[in-house]
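Here are a few exercises to work through with the model open on your screen. Try each task first, then compare your steps with the solution.

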Amino acid sequence: MTHSNPSAAPSDGRVEDYSFSAFAHQPFYQEENRRLIDLLGLQPGQRVIDLACGPGLITRMVLDKVRGKEGAWILGVDLSPHALEEARQHFTNVDDAIVDFANAKAEDLSQVISERVDAVVFCNAIHLVDNKRDVLGGIARALRAGGLFGFNSTFYSGSILPETEPFYRRWMMRAHRLLKSVHGLSPTKDRVMARQQLTADEYKSLLAEAGFTVREERVIPIEVPIEGWLDICAFSDFVQGALPGIRLETASDILREAIRDTFRDMQLSFVRRNWLEIVATRA
């Protein structure tokens, strides 16, 4: 649950320069997260946690659902102090709900709330956490009986459509060639969190272990334009997963150049990618 991970590889730039913020503002990404929020069916007056809240864009979507009735409360949680500071600035004038923020881990949610909440939302970040079993246990402990947990991810085993596999092969081959020819470097073979992808069934098994019952499961194919790929190539966790062991600035530049070349050579206007959406109920 992080929007920056500076310790995973050497960095030659500010961590906030490689945050998730640019990708989070992409219209297709906001539309996908709005779909998940709608699927949860949040009601005015509810208490909700927004995990990996980043700059607060999803927090705003949650606020629009729960505000206007006594008891409405949202807690945005993130591991990035920079992202939390940016998020706080967007909610200073809210007077029909309480919006708080906390620098905490998902496993520790029950330690930062005074009473259990109605719902937890975790948008496109569950794939980044290391011990998913502990995280889901922490989420379950933070929810009241019957409370809802909703998450989505486009980094799971099943996200890549078979017809798009040539795109990924060409992109990565181009990136590796550029990295070698321009910098004389090759990525390491380290396992990086952003590359560890579970299947939908594996997620459902972990949810069942944590005491959840799946209420809704959907797979939505989304057309991701080149702007989305360029922005994800400026996100530290993705960059370190794609080219592990390479300095952030170098790896990001290489990936962005390679994606431009690949879109041009294959005459693409977008690449489809599956997004997994799951809403589960705590027993």
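**Exercise 1: a cysteine in a loop**

Cysteine 233 has a relative accessibility of 0%, so it counts as buried. Keep in mind that you're looking at a predicted model.

Task: Find where cysteine 233 lies and which residues it is in contact with, leaving aside neighbours within four places in sequence.

Solution:
- Start with the place: cysteine 233 is in the loop that links helix H8 (226–232) and helix H9 (236–242).
- Next, list the contacts. Skipping neighbours within four places in sequence, cysteine 233 is in contact with Trp171, Phe238, Val239, Ser252, Leu255 and Arg256.
- Finally, check a distance. From C-alpha to C-alpha, cysteine 233 and alanine 251 are 8.5 Å apart, with their positions 18 residues apart in sequence.

**Exercise 2: two helices that cross**

Task: Work out whether helix H6 and helix H10 are roughly parallel, roughly perpendicular or oblique to each other.

Solution:
- Get the geometry first: H6 (residues 165–183) and H10 (residues 248–265) pack at about 130°, and their axes are 8 Å apart.
- Now apply the cut-offs: 65 to 115 degrees is roughly perpendicular and over 145 is roughly antiparallel. The pair H6 and H10 is therefore oblique.
- For the hand, H6 passes H10 in a right-handed crossing.
- Then see who does the touching. On H6 the contact residues include Trp171, Leu178 and Leu179, and on H10 they include Ile254, Leu255 and Phe263. Sorted by class, this contact has 11 nonpolar, three polar and five charged residues.

**Exercise 3: just past the end of H10**

Task: Is methionine 266 buried, partly exposed or exposed?

Solution:
- Locate it: methionine 266 sits in the loop between H10 and S7.
- Look up its relative accessible area, which is 25%, so methionine 266 is partly exposed.
- Check its contacts beyond four places in sequence: Pro166, Phe167 and Arg170.
- For a long-range check, take glutamate 85, which is 181 residues away along the chain; its C-alpha atom and that of methionine 266 are separated by 41 Å.

**Exercise 4: reading the sheet**

Task: Which strands stand at the edges of the open sheet?

Solution:
- Write down the strand order: the seven strands run S3-S2-S1-S4-S5-S7-S6, and the pairing is mixed.
- Read off the ends. S3 (98–103) and S6 (212–225) each have a single partner strand, so one side of each has no neighbour in the sheet.
- Add the twist, which averages 15° from one strand to the next.
- Now look at S7 (residues 270–282), which pairs with S5 (residues 143–153) in the antiparallel sense over six bridges. Glycine 150 has valine 279 of S7 as its bridge partner, while leucine 148 has threonine 281.
- S7 also runs antiparallel to S6, and 13 bridges join these two strands. Arginine 218 stands opposite glutamate 277 of S7.
- As for cover, 10 of the 13 residues of S7 are buried.

**Exercise 5: the packing of H2 and H3**

Task: At roughly what angle do the axes of H2 and H3 cross, and which residues make the contact?

Solution:
- Measure up the axes: those of H2 and H3 (residues 57–66) come within 10 Å and cross at roughly 35°. The crossing is right-handed.
- Pick out the contact residues: H2 brings Tyr29, Gln30, Asn33, Arg34, Ile37 and Asp38, and H3 brings Leu57, Ile58, Met61, Val62 and Lys65.
- Sort them by class, and you get six nonpolar, two polar and three charged residues.

**Exercise 6: positive phi**

Task: Where do alanine 52 and asparagine 124 lie, and are they buried or exposed?

Solution:
- Begin with the background: most residues other than glycine have a negative phi.
- Against that, phi is near 55° for alanine 52 and near 50° for asparagine 124.
- Place them both. Alanine 52 is in the loop between strand S1 (47–51) and H3, and asparagine 124 is in the loop between S4 and helix H5 (132–142).
- Then use the cut-off, since buried means under 20% relative accessible area. Alanine 52 has 2%, so it is buried; asparagine 124, at 3%, counts as buried too.

Technical notes:
Residues are numbered from 1 along each chain as its sequence is written. This is a predicted model: local features need pLDDT of at least 70, side-chain atom pairs count only at pLDDT 80 or more; totals for chains, interfaces and linings use all residues. Side-chain values use heavy atoms; hydrogens and water are left out. Axes are lines fitted to C-alpha atoms, for helices over the stretch in contact, and angles run from 0 to 180 degrees between N-to-C directions. Angles under 35 degrees count as roughly parallel, over 145 as roughly antiparallel, 65 to 115 as roughly perpendicular and the rest as oblique. A crossing is left-handed if the near helix is turned anticlockwise from the far one by less than a right angle, and right-handed if clockwise. Contact means heavy atoms within 4.5 Å. Ala, Val, Leu, Ile, Met, Phe, Trp, Tyr, Cys and Pro count as nonpolar, Asp, Glu, Lys and Arg as charged, and the others, Gly among them, as polar. Two strands pair if DSSP finds at least two bridges between them. Buried means under 20% relative accessible area, exposed over 50%, partly exposed in between (1.4 Å probe, protein chains only).
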